[in-house]
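The exercises below are to be worked with the sequence and the 3D structure in view. Each task is followed by a solution that goes step by step.

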Amino acid sequence: NAPMPTTHDDLRDLHDLPSYPKERDDYINPARALLTGPPISPLRFAGGSTGWLVTGYHEAREVLRDPRFSAERWRGDDAMRPVPESVRRDRSSGAGSFLAMDAPQHGHYRGQLTRYFTVRRMRELEARIEDIVADQLDALEAAGKPADLVRHFALPIPSLVICEMLGVPYEERELFQSVAARLLRQDRTDAEFVAGKTELDTFLRTLVEAKRKDPRDDLISLLTAVDELDDEEIGGIAGLLLIAGHETTTNMLSLGTFALLRDPEQLERLRADESLLPQAVEELLRYLSIVNAFPVRIALEDVVVGGVTVTAGQSVAVSVPAANRDPALVDDPDRLDVGRPRSSHLAFGYGIHQCLGQHLARIELVAGYRGLLRRFPGLRLAVPPEQVRMRSDMVIYGAHELPVTW
Ligand code: HEM
């Protein structure tokens, strides 16, 4: 295998880890190298204050399931990407967006949605998702060789799916795709955060008002019938789903394809036996772990984790990529093995915030990879692997573009 492009410098900036081993460049996700350290270690956050970085699998689960760790990121004085003061005071910007809420408020909102995201419900969407995949396979083919798999395949599929579910016009994708890209940048300023949020909130608020007057067969319309939710809250929920629902799956589709294309043996195993796809998807989720050094939690009181005391008010960043490469989770964690039995990986998080869209994401990924395997038996990279440009500036790890040919 050719070595993957690496992002040493970005990660060091983010984590300020002086001991980051520069010489190790044989991995697909930069956070893997952090495993060489202890399962929990001191970390300096962007604001300059000290918190903790968790890289151990068991320690990560401990933090994520413990209610003494808050997901309300503005509580701590040293969170990595704290919600700006101006946003906190302005309720309209945070209403409904339960990713950064604790119980019981978190459950109040999430509970309104769980029935729409069950495995059964998602199975009902499967045929429609396969149609969307087929359309994008056509689009990729029509783009001509070589084509960018991100632009013509990985980005449109999750965007189309989530737009359809919510009832957001796909023609408006420029707006939310660009807002998502801006909000998820690690180096964004508070002003950019507020501007992006406001743009999205205004757009969604107008949409919610329209659906309240003229309900359609979509999730936003269904939510307008819930007495406990006002328009602001529905807008907040829709914004969270829109942002969380496409960027992540996009990067899994493109990076997963990349990982397979640079590993012909694993690719051949999948081609020879498509029934491996569901477990291959789990393995790719574990191996790639695109949610990078996020979630962040804040200790509400002193808590002992992995033998160290996290003091009240301190932030803890959980490195999902590192936890998922901990030998405590699977044997030989650095090896991509599409036949590996499904593991209890943390790619979708753990605890009350575990990904609401995971069943949807799995269906999109299986349909997406299967579609590519079937339609393009000769699919290969159009550039050497080290020329694929990685997005290392984001909370979510991925490829800017993936030039392929067939
Ligand atoms: C939460 C990953 C796809 C909606 C999360 C979390 C992770 C994650 C790690 C937990 C964050 C935390 O604890 O702070 C992923 C990955 C995906 C994916 C890797 C794709 C492969 C989706 C999709 C949707 C979605 C398709 C949309 C429908 C959400 C929501 C939450 C969440 C709403 C917040 C849950 C809560 O706070 O209770 N996701 N996600 N995700 N995800 Fe996903």
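**Exercise 1. Find the bridge partner of Asp-148 in strand 12, and place the two strands in their sheet.**

In strand 12, Asp-148 has Pro-403 as its bridge partner. Strand 4 is joined to strand 12 (residues 403–405) by 2 bridges, and the two run antiparallel; strands here are DSSP runs of E of at least two residues, and helices are runs of H or I of at least four, both numbered from the N terminus. Two strands count as paired if DSSP finds at least two bridges between them. The open sheet has 3 strands in the order 4-12-9, with antiparallel pairing, and its edge strands, each pairing on one side only, are strand 4 (147–148) and strand 9 (380–381).

Before going on, note that this is a predicted model, in which local features need pLDDT of at least 70 and side-chain atom pairs count only at pLDDT 80 or more, whereas totals for chains, interfaces and linings use all residues. Residues are numbered from 1 along each chain as its sequence is written.

**Exercise 2. Determine how many residues of helix 7 are buried, and which helices help to cover them.**

A residue is buried if 20 or more other C-beta atoms, placed from the backbone, lie within 10 Å of its own. In helix 7 (residues 156–166), 10 of the 11 residues are buried, so the helix is largely enclosed by the rest of the structure; among them are Pro-156, Leu-160, Cys-163 and Leu-166. The cover includes helix 5 (119–143), helix 6 (149–154), helix 8 (173–183), helix 10 (219–224), helix 11 (231–261) and helix 15 (358–375). Just after helix 7, Gly-167 takes a positive phi of about 85°.

**Exercise 3. Describe how helix 9 packs against helix 11.**

Helix 9 (residues 190–213) and helix 11 pack at an angle of about 120°, with their axes 9 Å apart, the axes being lines fitted to C-alpha atoms over the stretch in contact and the angles running from 0 to 180 degrees between N-to-C directions. That makes helix 9 oblique to helix 11, a term for angles that are neither under 35 degrees, nor over 145, nor 65 to 115. Residues of helix 9 including Leu-204, Val-208 and Arg-212 meet residues of helix 11, including Asp-231, Ile-234 and Ala-238, where contact requires C-beta atoms, placed from the backbone, within 7 Å.

Methods
A residue is buried if 20 or more other C-beta atoms lie within 10 Å of its own, exposed if 12 or fewer, and partly exposed in between; C-beta atoms are placed from the backbone. Two residues are in contact if their C-beta atoms, placed from the backbone, lie within 7 Å.
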